[in-house]
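The following exercises concern the structure shown below. Each task is followed by a solution that proceeds step by step.

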Amino acid sequence: CLFKMLNSIAILGRPNVGKSSLFNKLTKTRNAIVSDFSGLTKDRNFGYASIKDQQYLVVDTGGVGSEVTEFSAAITEQALIAAEDSNLILLLIDGSEELTADDIDLYQSIRKMNKQFFVVLNKIDIKKRSNAKEDLLKFGSGDMVEISAEHSRGIKELQNAISQQFAELSIASSKEDIKGTKIAVIGRPNAGKSTFINQFTKQDRLIVSDVPGTTIDSIHVPFVFDDENFIFIDTAGIRKKYKQSHAVEYFSYVRAMHAVDESDIVLMIVDASDGIVDQDLRILNLIRGYGKPVVVALNKIDELSADHLLDLKETKKFQNSALNDLILVEISGLQKRGFKKLFNTLAKVNQLAKTKFSTGKLNKLLLKFTNSTNTPSISGRQIKMRYVHFGGIHPTKFIIHSNFSSKIPSNYKRYLINSFREELNLNGVELSIIFKKGDNPFDGNKNELSSRQIKKKKRLIKHIKKSKK
């Protein structure tokens with residue numbers, strides 16, 4: 001697949017200087033986790049900024065520094081790749097602290113890249129001021145922009161500076177160019193989500209590790225496939241006890257659910273080597289609560305023999321009703337197996353989830369279903385379904401006008417949902433049926449009496465009263 005990028009801006013700096021806060025301000029989102037914990041951003045995070053009617057891709061990177069952690073080398077590599085890929089680099093410096101060796105090393109590294117960049121001094125709202133600005137001038141730094149990302153000070157000046165830097169470049173994107181189908185990639189930790197995205201987009205965009213939980217934020221990866229725009233949203237793996245876990249893990253869960261909410265379709269990745277576990281089914285139920293279409297990818301099938309795969313499909317959890325009406329595609333993220341089938345399935349299910357069904361077609365099907373079985377009764381009165389019409393998407397809604405709006409037996413509702421799903425091939429699409437009590441069509445349409453009829457009625461009433469005396 002072909003990978004295209006917009007004119008982009010990379011934000012670099014050492015840990016905890018405010019890169020994610022600045023990213024959120026420029027993109028007007030909350031896509032990056034902001035916390036007092038340093039080093040929360042491990043991968044590159046992508047977002048869009050609109051500055052003076054121009055669109056830019058903004059890349060938030062992990063903190064680059066001498067502090068040695070399990071991911072420090074990979075984080076530094078990712079940050080430098082982002083810098084090389086971008087058109088403009090913003091070097092963010094904490095203006096409330098003195099320059100560190102890490103600041104100076106990063107400044108020198110960026111200068112050697114021979115790319116457009118300028119220094120942004122953050123945290124100017126803090127009364128404690130340092131000599132960072134003067135020291136940077138001694139190192140040959142040109143114009144600097146002073147901001148407070150947290151309190152939105154200096155953001156307009158920064159946007160003006162960015163706009164001026166790009167003034168001579170041809171901006172070849174508009175709002176339409178950056179729009180695309182959003183695919184949220186969800187699953188347990190270490191199910192292979194980041195590996196799949198890297199292999200599919202043919203870019204080492206995301207840090208991959210055998211350690212579960214490497215991704216803690218939602219990462220937006222735009223790409224083009226068959227001349228159509230798409231955005232993968234790589235999310236943190238959802239752990240079993242995320243609510244009782246560390247705040248970062250709970251943040252990650254919230255961010256993953258936010259990704260589901262903003263997506264058009266959800267790709268649920270399951271580790272086939274572990275089989276279907278309870279947590280997979282819990283995640284599925286969480287996702288389906290948002291009404292978005294879902295496709296399940298059985299990943300790491302390269303680690304299973306044909307017999308093991310057959311055994312997996314015969315387990316009770318695999319036969320669970322939560323999976324019954326979903327499409328499952330077997331893939332190997334590492335070996336790039338099953339990608340074409342998976343993407344065709346995603347495209348098909350996404351299209352079905354946006355389909356508006358005609359009233360005529362739905363009513364023919366409803367008549368067929370009601371004639372095929374006995375309609376239940378409520379308090380001795382039989383349910384009468386007058387007509388059905390389309391009610392919306394995400395989830396796909398069918399509204400049935402009936403003589404009852406509540407107390408409809410759940411098994412009958414399930415029968416109708418399954419019947420519509422089967423006839424319309426809606427596997428993977430969340431379907432909701434709403435019963436609405438229909439108004440009496442003759443209510444308010446009583447014939448008006450003419451003046452002659454009113455006089456006649458009065459004479460008749462008078463006559464009856466006299467005769468009773």
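**Exercise 1. A residue and its surroundings**

Task: determine which residues S8 is in contact with, leaving aside its neighbours within four places in sequence.

Solution. With contact taken as heavy atoms within 4.5 Å, and with neighbours within four places in sequence left aside, S8 touches L57, D85, S86, N87, L88 and F166. The model is a predicted one, in which local features need pLDDT of at least 70, side-chain atom pairs count only at pLDDT 80 or more, and totals for chains, interfaces and linings use all residues. Residues are numbered from 1 along each chain as its sequence is written, and side-chain values use heavy atoms, with hydrogens and water left out. Next, locate the residue: S8 belongs to strand β1, where helices (H or I, at least four residues) and strands (E, at least two) are DSSP runs, numbered from the N terminus. Finally, classify it: S8 counts as buried because its relative accessibility is 5%; buried means under 20% relative accessible area, exposed over 50%, and partly exposed in between (1.4 Å probe, protein chains only).

**Exercise 2. The six-stranded sheet**

Task: state in what order the six strands of the open sheet are arranged, and explain why one side of β2 and of β6 is left without a neighbour in the sheet.

Solution. The order is β2-β3-β1-β4-β5-β6, with mixed pairing; two strands pair if DSSP finds at least two bridges between them. β2 (45-51) and β6 (144-146) are at the edges and have a single partner strand each, so one side of each lacks a neighbour in the sheet. From one strand to the next, the twist averages 30°; axes are lines fitted to C-alpha atoms, for helices over the stretch in contact, and angles run from 0 to 180 degrees between N-to-C directions.

Consider now one pair in detail. β2 and β3 (residues 54-60) are antiparallel partners over seven bridges, and G47 stands opposite V58 in β3. Two helices are then added to the picture. Helix α1 (residues 19-27) packs on the sheet, touching β1 (8-12), β2, β3 and β4 (88-94), and its direction makes about 45° with that of β2. Helix α3 (residues 101-112) also packs on the sheet; α3 touches β1, β4 and β5 (116-122), and its direction makes about 165° with that of β4.

**Exercise 3. Burial in two helices**

Task: establish how many residues of α1 are buried and what covers them.

Solution. Eight of the nine residues of α1 are buried, namely K19, S20, S21, L22, F23, N24, L26 and T27. Their cover includes β1, β2, β3, β4 and α5 (155-165). Just after α1, K28 takes a positive phi of about 55°.

For α3, take D103, which is found in that helix. D103 counts as buried because its relative accessibility is 4%. Apart from neighbours within four places in sequence, D103 is in contact with R14, I93 and E98.

**Exercise 4. The three-stranded sheet**

Task: identify which strands form the edges of the sheet β15-β16-β17, and which helix packs on it.

Solution. This open sheet of three strands has mixed pairing. Its edge strands are β15 (385-392) and β17 (431-437), each pairing on one side only. Neighbouring strands are turned by 25° against each other on average, direction ignored. β16 (residues 396-402) and β17 are parallel partners over seven bridges, and F398 stands opposite I433 in β17. The packing helix is α13 (residues 359-372), which touches β15 and β16; its direction makes about 135° with that of β15.

**Exercise 5. A helix pair**

Task: decide at what angle α7 and α12 cross, and name the residues that make the contact.

Solution. The axes of α7 (residues 193-201) and α12 (residues 339-353) come within 12 Å and cross at roughly 95°. That makes α7 roughly perpendicular to α12; angles under 35 degrees count as roughly parallel, over 145 as roughly antiparallel, 65 to 115 as roughly perpendicular and the rest as oblique. The contact is made by F196, Q199 and F200 of α7 and F339, L342 and F343 of α12.
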